[in-house]
Amino acid sequence: MKIYCGKDYKEMSRIAAKIIAAQIIMKPDCVLGLATGSTPVGAYENLVEWYKQGDLDFSQVTSVNLDEYRGLSGDNDQSYRYFMNKNLFDHVNIDKSRTFVPNGLEPDSGKACSEYDGIIESVGGVDLQLLGIGHNGHIGFNEPADEFCKGTHCVDLTASTIEANKRFFEKEEDVPRQAYTMGIGTIMKAKKILLVASGADKAEIIAKSLTGPVTPQVPASILQFHNDVTVVCDEAAFSKLK
């Protein structure tokens with residue numbers, strides 16, 4: 001496991017973006033596993049900047065996103081498809097027909113999940129998977145549970161996740177209660193994993209995930225078993241790591 005500490009969110013974001021950019025440069029037709037949420041935004045801003053400067057080419061890149069709210073269309077401004085368009089896809093030369101997000105409008109959860117697993121398999125798997133981390137240790141929407149889920153599945157969001165995400169909606173009642181998410185098994189099949197976190201509120205869960213016991217009650221702890229993980233945090237998020 002490689003660990004990089006940025007002084008603040010801005011420096012952390014730049015370090016993470018350099019790792020993603022290096023993957024694109026080394027393998028122009030790579031498959032990127034992408035994440036949403038507030039933490040990756042800074043990294044995406046750097047990637048867009050470098051693309052506009054002529055330093056990056058996304059034309060051969062394929063992407064697969066971790067998750068999508070069940071019941072939201074890609075046009076909904078709270079969907080993760082919309083998030084990716086707004087923060088990255090609309091600003092670079094990526095072929096949107098090769099950017100994949102779970103189908104939030106598919107009412108048959110079994111069908112939605114099996115189709116997404118099929119897409120990931122068809123593109124040859126993920127070269128570099130970007131992850132954020134929730135306060136309860138979730139990666140994607142893999143919430144604390146009794147076991148690690150392997151493939152894409154429909155998950156009931158926990159109260160803490162709903163609470164964390166309600167700031168993006170007009171009111172808490174508008175936050176979807178379910179999501180389709182890549183499973184832990186799929187995430188762990190990625191050739192490389194990049195975990196990013198920022199802020200003192202993530203310090204405790206970062207310490208638990210990186211140095212505590214591996215348990216499905218702390219989903220991110222499974223990353224201790226991956227052979228190529230890079231963790232990039234700011235000083236605040238690393239403050240409880242001994």
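Which residues in helix 3 are buried? Keep that in mind while you get set up, and remember that you are looking at a predicted model.

**Stop 1: helix 3**

Select residues 80–87, which make up helix 3. The buried ones are Tyr 80, Arg 81, Phe 83, Met 84, Asn 85 and Asn 87. That is six of the eight residues in the helix, so helix 3 is largely enclosed by the rest of the structure. Now show what surrounds those buried residues: the cover includes strand 2 (31–34), helix 2, strand 3 (62–65), strand 4 (67–69), strand 5 and helix 5 (159–165).

**Stop 2: helix 2 against helix 3**

Add residues 41–52, helix 2, to your selection. The axes of helix 2 and helix 3 come within 10 Å and cross at roughly 40 degrees, and the two helices are therefore oblique to each other. Turn on side chains for Val 41, Tyr 44 and Val 48 from helix 2, and for Phe 83, Met 84 and Asn 87 from helix 3, since these residues make the contact. By type, the contact residues split into five nonpolar, one polar and no charged.

**Stop 3: Thr 36**

Stay in this area and pick Thr 36, in the loop between strand 2 and helix 2. Is Thr 36 buried or exposed? Its relative accessible area is 14%, under the 20% cut-off, so Thr 36 counts as buried. Beyond its neighbours within four places in sequence, Thr 36 is in contact with Asn 65, Asp 67, Tyr 80, Phe 83 and Met 84. You have already met some of these names: Tyr 80, Phe 83 and Met 84 are among the buried residues of helix 3.

**Stop 4: the sheet**

Now switch to a cartoon view and colour the strands. An open sheet of seven strands runs in the order 1-10-9-6-2-3-5, with parallel pairing. Strand 1 and strand 5 (99–100) stand at the edges with a single partner strand each, so one side of each has no neighbour in the sheet.

**Stop 5: strand 10 and its partners**

Select residues 229–234 for strand 10, where six of six residues are buried. Both faces are covered. Val 229, Val 231 and Cys 233 are buried on one side, while Thr 230, Val 232 and Asp 234 are buried on the other. If you are wondering about the pattern, side chains in a regular strand alternate between the two faces of the sheet.

Next, bring in strand 1 (residues 2–6), which runs parallel to strand 10 and is joined to strand 10 by five bridges. To find one of the pairs, look for Lys 2 with its bridge partner Thr 230. Then add strand 9 (residues 192–197), which pairs with strand 10 in the parallel sense over five bridges. Here Ile 193 stands opposite Val 229, and Ala 197 stands opposite Cys 233.

Follow the chain from strand 9 through helix 7 (residues 203–211) to strand 10, and you trace a right-handed β-α-β crossover. In helix 7, select Ala 203, Ile 205, Ile 206, Ala 207, Ser 209 and Leu 210, which are buried. Strand 1, strand 9 and strand 10 are among the elements that cover them.

**Stop 6: Pro 107**

Finish at Pro 107, in the loop between strand 5 and helix 4 (109–122). With a relative accessible area of 62%, Pro 107 is exposed. Apart from its neighbours within four places in sequence, Pro 107 is in contact with Arg 70 and Tyr 180. For a last distance, click Pro 107 and Asn 76: they are 31 residues apart in sequence and 17 Å apart in space, C-alpha to C-alpha.

Technical notes:
Residues numbered from 1 in each chain as written. Predicted model: local features only at pLDDT ≥ 70, side-chain atom pairs only at ≥ 80, totals over all residues. Heavy atoms only, no water. Axes fitted to C-alpha atoms, helices over the stretch in contact; angles between N-to-C directions. Helix = DSSP H or I, 4+ residues; strand = E, 2+ residues; numbered from the N terminus. Parallel < 35°, antiparallel > 145°, perpendicular 65-115°, else oblique. Contact = heavy atoms within 4.5 Å. Nonpolar A, V, L, I, M, F, W, Y, C, P; charged D, E, K, R; others polar. Buried < 20%, exposed > 50% of the residue type's maximum accessible area, 1.4 Å probe, protein only. Pairing = 2+ DSSP bridges. Right-handed = clockwise from strand over helix to strand, strands pointing away.
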